[in-house]
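Student: Please take me through this model element by element, giving each cut-off as it comes up. I would like every reply to close on the value or name that I ask for.

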Amino acid sequence: MVQGWRVALLAAGAAAALSAPARADYPDRQITMVACFPAGGGTDIAARLVNIQLGEALGKPVIIENRGGAGGNIAIQAVKRLQADGYTLLVCSSAYVVNPSLYSNAAYDPIKDFVPLMVLGASPNVFVVPEKSEIKSMKEFIEKAKANPGKMNWTSPGAGTTPQLAGELIQLRTGIKMQHIPFPGAGPASNAAVAGQVDLYTANLGSVQGLIDGGRVRPIAVTSKTRWPALPNVPTLEESGVKNAESDTFQGVYVLAGTPQPVIDRLAKELSAILARPDVKEKFEKIGLPVVADGPAAFMKRVQHEVPMYKDIIDKAGLKIP
């Protein structure tokens, strides 16, 4: 009887050792944040605004590893293959909710494979025209596009980005037809808009705020639900007569499904505290990505809403990438 008790005690101890990440000693080593896009982009910058502070709060370094490629899929798939222990965090843009519908080989389930941990920040997309354009509003642009089907062109930072999908949604909601001219990033697309080579440019607000402030492009509509504080005179799409076309671009942090709940709770708590700091909020504001700080429950609702929303747009626009 005594021997059986000892065996049971040893088994319990072994089980506790295997579940070490759930104990109060988490973390006991370095943590890695895997960013879905190369250094210098919005995802990378957002990650670097919190990683040092998170490391200080946890008592262990939090380093950034950039794994760009395939619209974020390379990083997501790489993290998916790792252990669900809270030592690898995924940082990704709205590509996370777009890619499963856009790419045939995305190879992950955005609902089941990861736990949405925290929305760091989000900002709307904005429609701008070249500074010398005669068009002054989205209503004017839609009227001209309807009068010239297929002749108006527009650009975005790339195929499958939320700005491109915002433009596709405009076509679906209004019935207009435009020629999409994709560029490999916001830089080249912005240059084309400034040079007047396109009729319309859809971009995340953070990437063109400087051009707007400098008068090099003119904003005609934002995709937010209400007018954006930085652009108080620019109407929303709803005000411009385009219904049910709200969208934004967010940056979020995830952990693998199966990560111990105490680890999830600890990470969410520390990230929430970091994002509440005035100096951190100011830094996010400067990059055009106001802090959101939605935790696991609210973030999961966002994912559950946006995955089918973007699937509907992608399917109707026929945008599937092999």
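Tutor: Buried means under 20% relative accessible area, exposed means over 50%, and partly exposed lies in between (1.4 Å probe, protein chains only), while helices (H or I, at least four residues) and strands (E, at least two) are DSSP runs numbered from the N terminus. This is a predicted model, in which local features need pLDDT of at least 70 and side-chain atom pairs count only at pLDDT 80 or more, although totals for chains, interfaces and linings use all residues. Residues are numbered from 1 along each chain as its sequence is written, and side-chain values use heavy atoms, with hydrogens and water left out.

Student: How many of the residues of β7 are buried?

Tutor: Leu-200, Thr-202 and Asn-204 point one way from β7, Tyr-201 and Ala-203 point the other way, and all are buried. The strand is mostly covered, and its count of buried residues is five of five.

Student: Which residue of β7 is the bridge partner of Trp-154?

Tutor: Two strands pair if DSSP finds at least two bridges between them, and β7 takes part in an antiparallel pairing with β4 over four bridges, in which Val-126 is matched with Ala-203. With β5 the sense is parallel, over two bridges. There the bridge partner of Trp-154 is Leu-200.

Student: Turning to helix α6, which residues are exposed?

Tutor: Within α6 (residues 138–147), the buried residues are Met-138, Phe-141, Ile-142 and Ala-145. They lie on the same side of the helix because they cover an arc of only 95° around the axis, the arc being that of the directions from the helix axis to the C-beta atoms. On the other side of α6, the exposed residues are Glu-143 and Ala-147.

Student: Against which elements do the buried residues of α6 pack?

Tutor: Contact here means heavy atoms within 4.5 Å. Phe-141, for example, touches Ile-135, Met-152, Ile-176, Met-178, Asp-199, Leu-200 and Ile-220, not counting residues up to four places away in sequence. For the buried residues of α6, the packing partners are β4 (114–130), β5 (152–156), α7 (162–174), β6 (178–182), β7 (200–204) and β8 (217–222).

Student: Which residues have the most contacts inside the largest nonpolar core?

Tutor: A nonpolar core is a set of buried Ala, Val, Leu, Ile, Met, Phe, Trp, Tyr and Cys residues joined through side-chain atoms within 4.5 Å. The largest one has 49 residues, and those with the most contacts inside it are Leu-90, Tyr-96, Phe-127 and Phe-141.

Student: Which helix gives the largest share of this core?

Tutor: The core in question is the one with 49 residues. Its largest share amounts to six residues, and these come from helix α12 (residues 296–317).

Student: How far apart, N to O, are the side chains of Asp-44 and Arg-48 in their salt bridge?

Tutor: A salt bridge is a side-chain nitrogen of Lys or Arg within 4 Å of a carboxyl oxygen of Asp or Glu, and a search of the whole structure finds 14 of them. Asp-44 and Arg-48 are four residues apart in helix α2 (residues 42–48), so they are separated by about one helical turn. Asp-44 is buried at 4% relative accessibility, whereas Arg-48 is partly exposed at 42%. Their N to O distance is 2.7 Å.

Student: What is the N to O distance in the salt bridge of Arg-302 and Asp-248?

Tutor: Both Arg-302 and Asp-248 are buried. The N to O distance between their side chains is 3.1 Å.

Student: How many residues apart in sequence are the parts that this pair ties together?

Tutor: The salt bridge joins the side chains of Arg-302 and Asp-248. Arg-302 lies in helix α12 and Asp-248 in strand β9 (residues 248–256), so the number of residues separating the parts in sequence is 54.

Student: Which residue of β9 is the bridge partner of Val-119?

Tutor: All nine residues of β9 are buried. The strand runs antiparallel to β3 (residues 88–93), joined by four bridges, and also to β4, joined by nine. The bridge partner of Val-119 in β9 is Gly-252.

Student: With which side chain does that of Thr-162 make a polar contact?

Tutor: A polar contact is a pair of N or O atoms within 3.5 Å; within protein, one must be able to donate a hydrogen and the other to accept it, and residues adjacent in sequence count only if both atoms are side-chain atoms. Thr-162 belongs to helix α7 and is buried, with a relative accessible area of 6%. Leaving aside neighbours within four places in sequence, Thr-162 has contacts including Ser-94, Val-98 and Tyr-310. The polar contact, at 2.4 Å, is with the side chain of Thr-249.
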